[in-house]
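Hi,

Here is the structure I promised to pass on. Have a look at it first, and then read my notes below.

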Amino acid sequence: APSDPDLVERARAAKERLGSRVFVLGHHYQRDEVIQFADVTGDSFKLSRDAAARPEAEFIVFCGVHFMAESADILTSDAQTVVLPDLAAGCSMADMATAEQVAECWDVLTEAGVADTTVPVSYMNSSADIKAFTGRHGGTICTSSNAERALRWAFEQGEKVLFLPDQHLGRNTAVRLLGMSLEDCVVYNPHKPGGGVSVEELRAAKMILWRGHCSVHGRFSLDSVEDVRARVPGVNVLVHPECKHEVVAAADYVGSTEYIINKLEEAPADSKWAIGTELNLVRRLAGRFPDKEIVFLDRTVCFCSTMNRIDLPHLVWTLESLADGKVVNRIQVDKETEHWAKAALERMLALP
Ligand code: 13P
Ligand code: SF4
């Protein structure tokens, strides 16, 4: 639906009043009505770098989800304020690993005698607490666009990786890009005593995968791939690595949101694409490339409900409040957590 013209005008006017004091970042999964006001758009990795590269902006308005705004706060200076237009924009995957659960897991690994040789690698989609845990234990953060490099680095530091919290990105990267087998991976279930894995399994595993997943990408199945191949002959299946292993194995191309966009930019006219990622992005791409046939990988719609919480009314309220001198919805990570989370994030930014 087209955006309300009154709200569009108010957002524009508030942004103009703020001028270079504000910088608006928009993740690719954001609604069109929000994306139109983003100074930059990107995947999680690009946005973390873009946030850090704007020291002159007093306010960073992050149109994305909570863990992204936390990461921006960690990577920006104390003089800068990071704002999330709706505090309820969380991420169900990030919520699947709490600090207590991860501390308990580390105790299990310690008792099994494997903690000393295990390097934690945490997906960007995790709370600042989990990033701090990762930094404290010498690990790194990764995103879907650098998971391979992060894992290669980690296996130079130790024999095993504890991958948090997305089991699919961990498994897909290990198997597809590092040539491991499915048997090299075990899943640690935080809801079971001892993670539901035996000491022998932990000792034998190379990848210890946290039992977390993205509910949006988890909806794509092997059936969705087979169904679209039958419906659209000659279709290229392009999916995000948060999809299940069997979906990724059956796809033609796999990559981050930025990769997906680049792939379609390069694609010849008349080519056909089925995209397995969040729907706002897929719809925007279909509108942007009318010469290509671009369909959603599944027959049922699936937005990321928390990404969608950031809408134009929330953005207008945020920008007008800031322009009136009132800071709302500030995301601020405490100093101790920030110190260690930053160590892990900087290790990621320094990956070769
Ligand atoms: P990327 O933008 O890094 O591909 O991540 C997708 C995602 O799920 C963000 O929540
Ligand atoms: Fe989290 Fe999935 Fe939404 Fe990304 S798409 S923010 S991983 S729930």
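Before the notes, one definition: the UniProt positions used here follow the numbering of this model, the feature names are shortened, and an annotation may be inferred rather than shown by experiment. Keep in mind too that this is a predicted model.

**The three cysteines**

The unreviewed UniProt entry puts a "binding site" label on Cys91, Cys214 and Cys304. These three are spread over 214 residues of sequence, yet they cluster in space, with a largest C-alpha distance of 9.4 Å.

I looked at two of them in detail. Cys91 sits in the loop that links E4 to H5. It is buried, because 23 other C-beta atoms lie within 10 Å and the cut-off for burial is 20 or more. Leaving out residues up to four places away in sequence, Cys91 touches Val65, His66, Phe67, Asn125 and Thr306.

Cys304 is in the loop between strand E13 (293-296) and helix H14 (312-323). Cys304 counts as buried as well, with 24 C-beta neighbours inside 10 Å. Its contacts, apart from neighbours within four places in sequence, are Tyr29, Val216 and Glu278.

**The two ligands**

Which residues surround ligand 2? All three annotated cysteines are there, Cys91, Cys214 and Cys304, along with Val65, Ser92, Met93, Asn125, Ser215, Val216, Glu278, Thr306 and Met307. By type, that shell has 7 nonpolar, 4 polar and 1 charged residue.

Ligand 1 has 13 residues around it, and the closest are Asp43, Ser44, Ser144, Ser256 and Thr257. Here the shell splits into 3 nonpolar, 8 polar and 2 charged residues.

There is a second set of "binding site" positions in the unreviewed UniProt entry: His27, Ser44, Tyr123, Met124, Asn125, Ser144, His240, Pro241, Glu242 and Thr257. I picked out Met124 and His240 from that set.

- Met124 lies in the loop between strand E5 (118-123) and H6. With 26 other C-beta atoms within 10 Å, Met124 is buried. Beyond residues up to four places away in sequence, Met124 touches Ser44, Phe67, Ser71, Ile141, Cys142 and Thr143.
- His240 is found in the loop between strand E10 (236-239) and helix H11 (245-250). His240 is buried too, with 29 other C-beta atoms within 10 Å. Setting aside neighbours within four places in sequence, His240 is in contact with Ser144, His217, Ser256, Thr257, Gly276 and Thr277.

**Strand E3 and its partners**

Strand E3 covers residues 59-63, and 4 of its 5 residues are buried, so the strand is largely enclosed by the rest of the structure. E3 pairs with strand E1 (residues 22-27) in the parallel sense over 5 bridges; Gly26 stands opposite Cys63 of E3. E3 is also joined to strand E4 (residues 81-83) by 3 bridges, again in parallel, and Phe59 has Thr81 as its bridge partner there. Between E3 and E4 the chain passes through helix H4 (residues 66-75), which makes a right-handed β-α-β crossover.

**Helices H4 and H6**

How many residues of H4 are buried? The count is 10 of 10, so to speak mostly covered. Among the buried residues are His66 and Phe67, and both of these touch Cys91. Phe67 and Ser71 also touch Met124. The buried residues of H4 pack against E1, helix H3 (44-52), E3, E4, helix H6 (128-136) and helix H15 (335-349).

H6 follows a similar line: 8 of its 9 residues are buried, so this helix is largely enclosed by the rest of the structure. The buried ones are Ala128, Asp129, Ile130, Lys131, Ala132, Phe133, Thr134 and Gly135. They pack against H4, helix H5 (99-111), E5, strand E6 (140-142), strand E7 (160-164) and H15. Just after H6, Gly138 takes a positive phi of about 75°.

If you only open two spots in the viewer, I'd go for the surroundings of ligand 2, where Cys91, Cys214 and Cys304 are, and for ligand 1, with Ser44, Ser144 and Thr257 among the closest residues.

Cheers

How values were computed
Residues numbered from 1 in each chain as written. Chains lettered and ligands numbered in written order. Predicted model: local features only at pLDDT ≥ 70, side-chain atom pairs only at ≥ 80, totals over all residues. Near = placed C-beta within 6 Å. Nonpolar A, V, L, I, M, F, W, Y, C, P; charged D, E, K, R; others polar. Buried ≥ 20, exposed ≤ 12 C-beta atoms within 10 Å, placed from the backbone. Helix = DSSP H or I, 4+ residues; strand = E, 2+ residues; numbered from the N terminus. Pairing = 2+ DSSP bridges. Right-handed = clockwise from strand over helix to strand, strands pointing away. Contact = placed C-beta atoms within 7 Å.
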